[in-house]
Amino acid sequence: MAIPITATALAKRIRASRARRSFLADVLAGLHAVPKQLPCKYFYDEHGSQLFDQICRLDEYYLTRCELAIMDRFAPEMGAQVGPGVMLVEYGSGSSVKTRYLLDALPDAVAYVGVDVAGQHLKQAARELARDYPRIEILSLCADFTGDFVLPVSKRPPTHVAVYFPGSTIGNFVPAQAAQLLGRIARLCGRDGGLLIGIDLKKDPATIEAAYNDRAGVTAEFNLNLLHRINRELGADFDASRFSHQAHYNREMGRVEIYLVSRDAQVVTLGNEKIEFLAGESICTEYSHKYTVEEFASIAAASGLALHREWTDRERRFAVLHFAVAEPR
Ligand code: AVJ
């Protein structure tokens with residue numbers, strides 16, 4: 001006899017099976033592409049998210065440390081710049097340490113909206129913020145910020161909307177995609193809107209490469225975890241020990257390119273499909289673009305966002321930039 005199931009449990013199963021189907025479609029498309037590639041957004045299953053948190057604490061991974069130092073030092077200036085009465089919309093609301101610096105500094109914020117694809121994580125983070133910021137209406141939206149979504153309505157109407165996009169996640173997108181996303185942000189915020197965004201700056205390649213090739217091998221494990229996830233969730237038979245982690249800085253393109261390299265010739269099975277690898281063949285798993293402030297400001301300008309302020313750490317490794325939505329012409 002069938003076991004009865006509640007409507008919410010059913011909805012959850014339907015969402016899970018949709019998510020699995022698009023994961024499968026993306027993996028098959030990526031592994032059949034030439035050269036092979038996999039979307040970096042799939043790094044973040046539970047174990048992957050834990051490994052990423054570990055990466056953020058590594059000596060070599062300067063990005064998080066620098067961004068936190070910038071927030072610690074300049075959040076009051078950022079809060080004043082964003083202004084009172086705001087609805088603050090955070091993209092990819094992760095562990096929310098940086099968010100707290102900003103919420104502490106914002107004068108009379110109306111609402112905070114965390115936007116993330118990871119629903120469970122999002123709800124938990126929202127509960128913790130609601131407890132600690134009773135004067136700000138804490139909302140969450142389970143959505144992919146690269147697509148269309150509608151902002152929730154807050155009890156008090158905001159005077160303006162600002163997006164907070166920390167972590168240099170924008171670096172994962174090639175410049176044309178980044179421009180598209182920035183244009184979306186400008187349209188979402190509209191009149192009087194703004195954007196506060198973290199970007200990793202161009203610097204000497206050795207410092208950059210070390211951040212993605214840590215001695216403890218955490219980044220390698222993070223990269224290889226993608227294969228374990230594909231095995232577990234899609235029933236593939238990748239032997240992770242036959243792939244190696246590789247990350248190098250491509251100066252011409254201004255980005256770190258991360259790969260999984262097949263150690264020898266091999267065939268991997270995924271469902272009915274056989275995927276062949278030559279010895280030394282690679283799967284590109286991530287790009288992490290590095291910009292100068294000028295380069296990034298010019299991409300943003302073409303998307304309707306005007307640079308108003310910049311804050312950097314003392315070594316100028318990382319920047320947090322404030323943009324205002326330009327007057328529509
Ligand atoms: C989360 C995209 C900012 O590009 O540095 C860290 C991801 N990958 N180590 C980055 C990442 C390998 C990270 N971002």
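**Helix packing, cores and a few unusual residues**

Let me begin with Tyr212, which, if we set aside its neighbours within four places in sequence, is in contact with Tyr61, Leu63, Asp200, Thr219, His245, Ala247, Val256, Ile258, Ser288 and Lys290. Please keep in mind throughout that what we are looking at is a predicted model.

Tyr212 also leads us to the nonpolar interior, since it is listed with Met78, Leu88, Ile230 and Phe238 as the residues that have the most contacts inside the largest nonpolar core, a core of 62 residues. The largest share of this core, 8 residues, is supplied by helix α3, which covers residues 62-82. Apart from this core lies another one, of 39 residues, and among its members are Val163, Leu182, Val293 and Phe296.

Now I would like to turn to how the helices pack. In general, two packed helices are described by the angle between their axes and the distance between the axes, and I will give both for three pairs.

Let us stay with α3 and ask how its axis runs relative to that of helix α4, residues 97-105: parallel or antiparallel? The two axes come within 8 Å and cross at roughly 20°, and because angles under 35 degrees count as roughly parallel, α3 and α4 are described as roughly parallel to each other. Their crossing is right-handed. If you look at the residues that meet there, α3 brings Glu67, Leu68, Met71, Asp72, Ala75, Pro76, Met78 and Gly79, while α4 brings Val97, Lys98, Tyr101, Leu102 and Ala105. You may recognise Met78 in that list, as it was also named for its contacts inside the largest core.

The other two pairs share helix α8, which spans residues 218-234. One partner is helix α2, residues 46-56, whose axis comes within 9 Å of that of α8 and crosses it at roughly 160°. Angles over 145 degrees count as roughly antiparallel, and therefore α2 and α8 are roughly antiparallel to each other. This crossing is left-handed, and in it His47, Gly48, Leu51, Phe52, Gln54 and Ile55 of α2 meet Val218, Thr219, Glu221, Phe222 and Asn225 of α8.

The other partner is helix α1, residues 7-32, and here the axes come within 11 Å and cross at roughly 130°, which makes α1 oblique to α8. The crossing of α1 and α8 is left-handed. On the α1 side we find Arg20, Phe23, Leu24 and Val27, and these meet Arg229, Ile230, Glu233 and Leu234 on the α8 side. Ile230, like Met78, is one of the residues with the most contacts inside the largest core.

While we are in α8, let us pause at Asn223, which has its place in this helix. Is this residue buried or exposed? Its relative accessibility is 1%, and because buried means under 20%, Asn223 counts as buried. A polar atom of its side chain lies 2.9 Å from the backbone oxygen of Tyr259. Not counting residues up to four places away in sequence, Asn223 touches Phe43, His245, Gln246, Ile258, Tyr259, Leu260 and Thr285.

Let me finish with some residues in loops. Thr292 is found in the loop between β11 and α9, and with a relative accessibility of 27% it counts as partly exposed. What makes Thr292 worth a look is its link to a distant part of the sequence: Lys203 is 89 residues away along the chain, yet the C-alpha atoms of the two are separated by 8.9 Å. Beyond its neighbours within four places in sequence, Thr292 is in contact with Leu201 and Lys202.

The backbone, too, has some details to point out. The peptide bond from Val34 to Pro35 is cis, with omega near -5°, and Pro35 sits in the loop between α1 and β1. Asp192, although it is not a glycine, has a positive phi of about 65°; Asp192 lies in the loop between α6 and β6, and it is exposed, with a relative accessible area of 53%. Arg316, another residue other than glycine, also has a positive phi, near 55°. Arg316 belongs to the loop between β12 and β13, and at 41% relative accessibility it counts as partly exposed.

Notes
Residues numbered from 1 in each chain as written. Predicted model: local features only at pLDDT ≥ 70, side-chain atom pairs only at ≥ 80, totals over all residues. Heavy atoms only, no water. Helix = DSSP H or I, 4+ residues; strand = E, 2+ residues; numbered from the N terminus. Buried < 20%, exposed > 50% of the residue type's maximum accessible area, 1.4 Å probe, protein only. Polar contact = N/O pair within 3.5 Å; in protein donor to acceptor, adjacent residues only side chain to side chain. Contact = heavy atoms within 4.5 Å. Core = buried A, V, L, I, M, F, W, Y, C linked by side-chain atoms within 4.5 Å. Axes fitted to C-alpha atoms, helices over the stretch in contact; angles between N-to-C directions. Parallel < 35°, antiparallel > 145°, perpendicular 65-115°, else oblique. Left-handed = near helix turned anticlockwise from the far one by under 90°.
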